[in-house]
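Reader: I would like to go through this structure step by step. Please show me the sequence and the model before we begin.

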Amino acid sequence: MQSIKGLALLQQLPTALMYRRRGEEHFHLNDAFIKLFGISSEQLNGVRNFSFFDPINKSQLTDTQCPFEKIEKEAFPTAWVRLQTPVRSLHCFITGSVIADGDDEWLIINVENNAHYAMAESEEGAHAQRHITFNQLLTKFSSKLIKASADELDVIIDQSLAAFGEFCDVDRCYLFEFSQELSLMSNTHEWVAAGVTPYIDDLQNMPTSDMPFLMEHITEGMFKVDDVKDIPDSATAEREEFQKEGICSILCVRIMVDGTTYGFIGCDIIGSPYTWCASDIEYLKRIGDMLGNTLQNIYNRRAIHAMQQELVEANKQLQKLANIDGLTGIANRRLFNTTLEKDLSQSCRRNESLSLLLIDVDFFKLYNDNYGHVAGDHVLQQVALTISESCIGTDDLVARYGGEEFAIILPATTTDEAEALAKRILDNVERLGIEHERSPHNKLLTVSVGVATQDLPCDETCSDLVNKADQALYRAKSAGRNCVSQ
């Protein structure tokens, strides 16, 4: 410890100090400290309520963690803290020491604000260094945001707001998003300094009509208020809302996405008015532009993805139209041909049998002539559905082979199994009870079925198997129809 005479010297030192006599509660502030925190002479006598916060976990440093208490115990603190006064809170680096003055000992806390705040605007080199530091900060988050997916965006926005808030030493930094028609706005991201109350949960789906003064300026690009008390009486409700949140100064800039107003990014000062300088405005605008560009990129990605999905769905629809019969909704002749070739080749490789049914609606021309084509189309739809529901194999393919003819491909199916299915189809169609006056079979609509099976070892082509089923169908029709033939 070193000895000095009188404490007048402490008041004159250019570094910000707060100090008190050992054993006392009352402490003093020197001129540099008063200037740093913007404490006016009128406020000086009443300003004694100071709090220290951990800037990382934002917990208040009390009891044995309080810097003054550490000095009392000869544990001189050296740390970054958030120092909050009733006038202003700042991110500071503190060091503690003890100074002897005669019989007294003084506990001293030396306070250094963020380097960029300590720089005088008139000092060209220091001002340039601050720009360099900010550009490095912006580059860091720009590179993150360029690569960000929609899922990562929220975290990176939160990190960007925190970095900006700490760099500019504001109390609160946030992002608001508007609804599509600009009728509502919501606080989607918020960073607050240690000791500052968050309000994000209370600021959801707020009618923009309640904030006409803010909206008037935001839609023009920027809302800047150095002293909330100066907001005109025409915007009393807005002024009271800001004051309720403890805001004394507010700065917001618009964010544009796809040529429209997406929302705004803003920051607040709590405790005392603050005159926003040109660099504050420039930096916030650049952060806003960075977020706007990122949101635009994600908007574009989503638009491209949506377009790709539409193309995929369109291709699926085209594929469906190319392979599905428009009248009955089952497979068409094209899909039948490709499936038969594939299934027959697979059955041969697996050394399994494959069966094919060809089905013809009996006396269909007579039905059409008697009841009309609309009724005929309806009959084909009913028969197609009945055939499909009669099949039980998951790999079976039911197709409209042409006109009033249908076909069923039956992988891994023997002749006996195929014939049993054919008889079931005959019975199910007859149970439909569709009237057909010119049919000799109880004046009901019926079908005939030809059954063919690829024998092992495989020695038939697709054409051979179709011809074999066609011949079987011809025999069924020659036998009087409404029957099955092999």
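Author: What follows is a set of questions and answers on a predicted model.

Reader: In the open sheet of five strands, which strands stand at the edges?

Author: The five strands come in the order β14-β15-β13-β16-β17, and their pairing is mixed. A strand at the edge has a single partner strand, so one side of it is left without a neighbour in the sheet. The strands for which this holds are β14 (397-402) and β17 (484-485).

Reader: In what sense do β14 and β15 run, and what is the bridge partner of A399?

Author: β14 and β15 are joined by five bridges and run antiparallel. One of the residue pairs across them starts at A399. Its bridge partner in β15 is A407.

Reader: Which residue in the hairpin of β14 and β15 takes a positive phi?

Author: The hairpin has two residues between the strands. The phi in question is near 55°. The residue that takes it is G403.

Reader: How many residues of β15 are buried?

Author: Buried means under 20% relative accessible area. On one side of β15, E405, A407, I409 and P411 are buried, and on the other side F406, I408 and L410 are buried too. Both faces are therefore covered. For the strand, which spans residues 405-411, the count is seven of seven.

Reader: Which residue of β15 does L356 stand opposite?

Author: Strand β13 covers residues 354-361 and pairs with β15 in the antiparallel sense. Seven bridges hold this pairing in the model. Opposite L356, in β15, stands I409.

Reader: How do β16 and β17 pair, and which residue is the bridge partner of V449?

Author: Strand β16 takes in residues 447-454. Its pairing with β17 is parallel and has two bridges. In β17, the partner of V449 is V484.

Reader: Is N482 buried or exposed?

Author: N482 is found in the loop between α15 (462-478) and β17. Its phi is near 55°, a positive value in a residue other than glycine. The cut-off for buried is under 20% relative accessible area. At 18% relative accessibility, N482 counts as buried.

Reader: Is D63 buried or exposed?

Author: D63 is in the loop between β3 (51-53) and α4 (67-72). Phi of D63 is positive, near 50°, and the residue is not glycine. Exposed means over 50% relative accessible area. With a relative accessible area of 62%, D63 is exposed.

Reader: Which strands stand at the edges of the open sheet of six strands?

Author: The order of this sheet is β2-β1-β6-β5-β4-β3, with antiparallel pairing. Each edge strand has a single partner strand, so one side of each has no neighbour in the sheet. The edge strands are β2 (28-29) and β3.

Reader: Which residue of β2 does Y19 stand opposite?

Author: Strand β1, residues 16-21, is joined to β2 by two bridges. The two strands run antiparallel. Opposite Y19 in β2 stands H28.

Reader: What is the relative accessible area of E152?

Author: E152 lies in helix α7, which spans residues 150-168. E152 gathers with D151, D154 and D158 in a patch of negative charge on the surface. Partly exposed means between the limits of 20% and 50%. E152 is partly exposed, and its relative accessible area is 42%.

Conventions:
Residues are numbered from 1 along each chain as its sequence is written. This is a predicted model: local features need pLDDT of at least 70, side-chain atom pairs count only at pLDDT 80 or more; totals for chains, interfaces and linings use all residues. Side-chain values use heavy atoms; hydrogens and water are left out. Patches are made of residues with over 30% relative accessible area and no salt bridge: like charges are joined within 9 Å, nonpolar side chains (Val, Leu, Ile, Met, Phe, Trp, Tyr) within 5 Å. Accessible areas come from the Shrake-Rupley method with a 1.4 Å probe; for residues, only the protein chains shown count as cover. A salt bridge is a side-chain nitrogen of Lys or Arg within 4 Å of a carboxyl oxygen of Asp or Glu. Lys and Arg count as positive and Asp and Glu as negative; His and the chain ends are not counted. The place of a charge is taken as NZ of Lys, CZ of Arg, CG of Asp or CD of Glu. Helices (H or I, at least four residues) and strands (E, at least two) are DSSP runs, numbered from the N terminus. Buried means under 20% relative accessible area, exposed over 50%, partly exposed in between (1.4 Å probe, protein chains only). Two strands pair if DSSP finds at least two bridges between them.
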